[in-house]
Amino acid sequence: MEREHRGWSIVIRSYESPDRKWRPIVTVSIETERSDLLKRRLSTPVDWAFDTEQESDEQGYQLAVTWINEGP
């Protein structure tokens, strides 16, 4: 899943773990004023495990939005 929020690019890649639960990998990036690419991989709580890929993607997106809104 790829989305944008307030100029940031958000990429969520969910994967199915051995326990058959879905977990998100969340990466955010933005181009700086000097045309550099600032990229961060956000840490998700260890206990985050979801029944569906869609739910995992949505929770990862909400994590990214909160991180961006709180000011990186």
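A salt bridge is a side-chain nitrogen of Lys or Arg within 4 Å of a carboxyl oxygen of Asp or Glu. The structure shown above is a predicted model, and a search of the whole of it finds six salt bridges. Three of these pairs are visited below, after the sheet and the turns that carry them.

**The sheet**

Begin by selecting strand 1 (residues 2–5) together with strand 2 (residues 8–16), which pair in the antiparallel sense over four bridges. Within this pair, Glu2 stands opposite Val11 of strand 2.

Next, add strand 3 (residues 22–31), which is joined to strand 2 by eight bridges, again in the antiparallel sense. Two positions help to follow this pairing: Ser9 faces Ser29 in strand 3, and Tyr15 has Arg23 of strand 3 as its bridge partner.

Then add strand 4, which pairs with strand 3 in the antiparallel sense over six bridges. Here Thr27 stands opposite Arg41 in strand 4.

With these selections displayed together, the four strands form an open sheet in the order 1-2-3-4, with antiparallel pairing. Strand 1 and strand 4 (37–42) stand at the edges with a single partner strand each, so one side of each is left without a neighbour in the sheet. On average, neighbouring strands are turned by 25° against each other, direction ignored.

**The turns**

Which residue of the turn between strand 1 and strand 2 has a positive phi? Select Arg6: the hairpin of these strands has two residues between them, and Arg6 in its turn has a positive phi of about 50°. Arg6 is not a glycine, although it has this positive phi. Its relative accessible area is 58%, and a residue over 50% counts as exposed, so Arg6 is exposed.

Move to Arg20, in the hairpin of strand 2 and strand 3. Five residues lie between these strands, and Arg20 takes a positive phi near 65°. Arg20 is exposed, with a relative accessible area of 62%.

Finally, select Ser35 in the loop between strand 3 and strand 4. The hairpin of these two strands has five residues between them. Ser35 has a positive phi of about 65° without being a glycine, and it is exposed, at a relative accessible area of 53%.

**The salt bridges**

Side chains of opposite charge can pair when their charged atoms come close.

Show the side chains of Glu2 and Arg13, which meet in a salt bridge of 3.3 Å, N to O. Glu2 belongs to strand 1 and Arg13 to strand 2, so the pair ties together parts that are eleven residues apart in sequence. Is each partner buried or exposed? Glu2 is exposed, with a relative accessible area of 58%, whereas Arg13 counts as partly exposed at 44% relative accessibility.

Return to Arg20 and add Glu16. The two form a salt bridge in which the closest N and O atoms are 4.0 Å apart. Glu16 counts as partly exposed, at 39% relative accessibility.

The next pair to select is Asp19 and Arg23, whose salt bridge has its closest N and O atoms 2.7 Å apart. Asp19 is partly exposed at 44% relative accessibility. Arg23 has a relative accessible area of 18%, and under 20% counts as buried, so Arg23 is buried.

**The helix and Ser56**

Now display helix 1 (residues 53–70), which lies across strand 1, strand 2, strand 3 and strand 4 and runs at about 145° to strand 2.

Select Ser56 within helix 1. Ser56 counts as buried, at 0% relative accessibility. Which residues does Ser56 touch, apart from those up to four places away in sequence? They are Ile12, Ser14, Trp22, Arg23, Pro24 and Phe50. To see one of these contacts in detail, show the side chains of Ser56 and Ser14, which are joined by a polar contact of 2.7 Å. Ser56 and Glu16 are 40 residues apart in sequence and 9.8 Å apart in space, C-alpha to C-alpha.

**A last stop at Ser29**

End the tour at Ser29, in strand 3. At 14% relative accessibility, Ser29 counts as buried. Leaving aside neighbours within four places in sequence, Ser29 is in contact with Gly7, Trp8, Ser9, Leu37, Leu38 and Lys39. Among these contacts is Ser9, the residue that stands opposite Ser29 in the pairing of the strands.

Notes:
Residues numbered from 1 in each chain as written. Predicted model: local features only at pLDDT ≥ 70, side-chain atom pairs only at ≥ 80, totals over all residues. Heavy atoms only, no water. Pairing = 2+ DSSP bridges. Axes fitted to C-alpha atoms, helices over the stretch in contact; angles between N-to-C directions. Contact = heavy atoms within 4.5 Å. Buried < 20%, exposed > 50% of the residue type's maximum accessible area, 1.4 Å probe, protein only. Polar contact = N/O pair within 3.5 Å; in protein donor to acceptor, adjacent residues only side chain to side chain.
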